[in-house]
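Colleague: I would like a close look at the sheet and the salt bridges around it. Please go through the pairing of the strands and then the charged side chains.

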Amino acid sequence: MSDLKNLAETLVNLTVKDVNELATILKDEYGIEPAAAAVVVAAGGGEAAEEKTEFDVILKAAGASKLAIVKLVKDLTGAGLKEAKDIVDGAPSAIKTGISKDEAEALKKQLEEAGAEVELK
């Protein structure tokens, strides 16, 4: 029984690469179709399969050049000047939410270049 428990623990801790390699071995050497490997992934062996696709850009602090950050937040969000000022004054606050990784990193870079402290979630 303990051997089976050890085997189960080993299977659950496999990486996606290991699962793919195991599927190939099972198919080539034992004639077992790779669909059986999907059970291993579903059991928790596919931690890399759940890569985050939506990000939030959070302004943590405006930094020394607050006015420049307010103007930049206004331009990036399309908000009015008062709304942008409220976002900056209310830091930490979300600039944009549910955006792609590339867009989030671009916004973060622009804000950091202007002197703001930014975080991606």
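Modeller: What follows goes from the overall layout to the sheet, then to the salt bridges, and ends with one helix and a surface patch.

This is a predicted model, in which local features need pLDDT of at least 70 and side-chain atom pairs count only at pLDDT 80 or more, while totals for chains, interfaces and linings use all residues. Residues are numbered from 1 along each chain as its sequence is written, and side-chain values use heavy atoms, with hydrogens and water left out.

The layout comes first. The protein has six helices and three strands; helices (H or I, at least four residues) and strands (E, at least two) are DSSP runs, numbered from the N terminus. Read from the N terminus on, the elements run α-α-α-β-α-α-β-α-β. Of the 121 residues in the protein, 23% are buried. Buried means under 20% relative accessible area, exposed means over 50%, and partly exposed lies in between, with a 1.4 Å probe and protein chains only.

Now the sheet. Strands of a sheet pair through backbone hydrogen bonds, either parallel or antiparallel. Here the three strands form an open sheet in the order β2-β1-β3, with antiparallel pairing. Two strands are taken to pair if DSSP finds at least two bridges between them. Strands β2 (93-99) and β3 (117-120) stand at the edges with a single partner strand each, so one side of each is left without a neighbour in the sheet. From one strand to the next, the twist averages 20°; axes are lines fitted to C-alpha atoms, for helices over the stretch in contact, and angles run from 0 to 180 degrees between N-to-C directions.

Strand β1 (residues 55-61) pairs with β2 in the antiparallel sense over four bridges. Within this pairing, Phe55 stands opposite Ile99 in β2, and Ile58 stands opposite Ala94 in β2. The pairing of β1 with β3 is also antiparallel and runs over four bridges. There, Ala61 stands opposite Glu117 in β3.

Glu117 leads on to the charged side chains. A salt bridge is a side-chain nitrogen of Lys or Arg within 4 Å of a carboxyl oxygen of Asp or Glu, and by this rule the count comes to six. In one of them, the side chains of Lys60 and Glu117 meet at 3.7 Å, N to O. Lys60 lies in strand β1 and Glu117 in strand β3, so this salt bridge ties together parts that are 57 residues apart in sequence. Lys60 counts as partly exposed, at 37% relative accessibility, and Glu117 is partly exposed as well, with a relative accessible area of 43%.

Another salt bridge joins Lys96 to Glu103, with the closest N and O atoms 3.5 Å apart. Lys96 is partly exposed, with a relative accessible area of 24%, and Glu103 counts as partly exposed at 34%.

A further salt bridge is formed by Lys85 and Asp89, whose closest N and O atoms are 2.6 Å apart. The two are four residues apart in helix α5 (residues 81-89), and so are separated by about one helical turn. An α-helix has 3.6 residues a turn, so residues three or four places apart point the same way. Lys85 is partly exposed, with a relative accessible area of 42%, and Asp89 counts as partly exposed at 37%. Lys66, Lys85 and Asp89 are linked in a network of salt bridges. Asp89 and Lys66 are 23 residues apart in sequence, and their C-alpha atoms are 8.9 Å apart in space.

Last come helix α2 and the patch. The 15 residues of α2 should span 21 Å at 1.5 Å a residue, and the end C-alpha atoms are 20 Å apart, which agrees; the expected span of a helix is 1.5 Å times one less than its number of residues. Just after α2, Gly31 takes a positive phi of about 75°. Ile25 is found in helix α2 (residues 16-30) and counts as partly exposed, at 34% relative accessibility. Together with Tyr30 and Ile32, Ile25 forms a nonpolar patch on the surface, with about 290 Å² of accessible area for the three together. Patches are made of residues with over 30% relative accessible area and no salt bridge, like charges being joined within 9 Å and nonpolar side chains (Val, Leu, Ile, Met, Phe, Trp, Tyr) within 5 Å. Accessible areas come from the Shrake-Rupley method with a 1.4 Å probe, and for residues only the protein chains shown count as cover.
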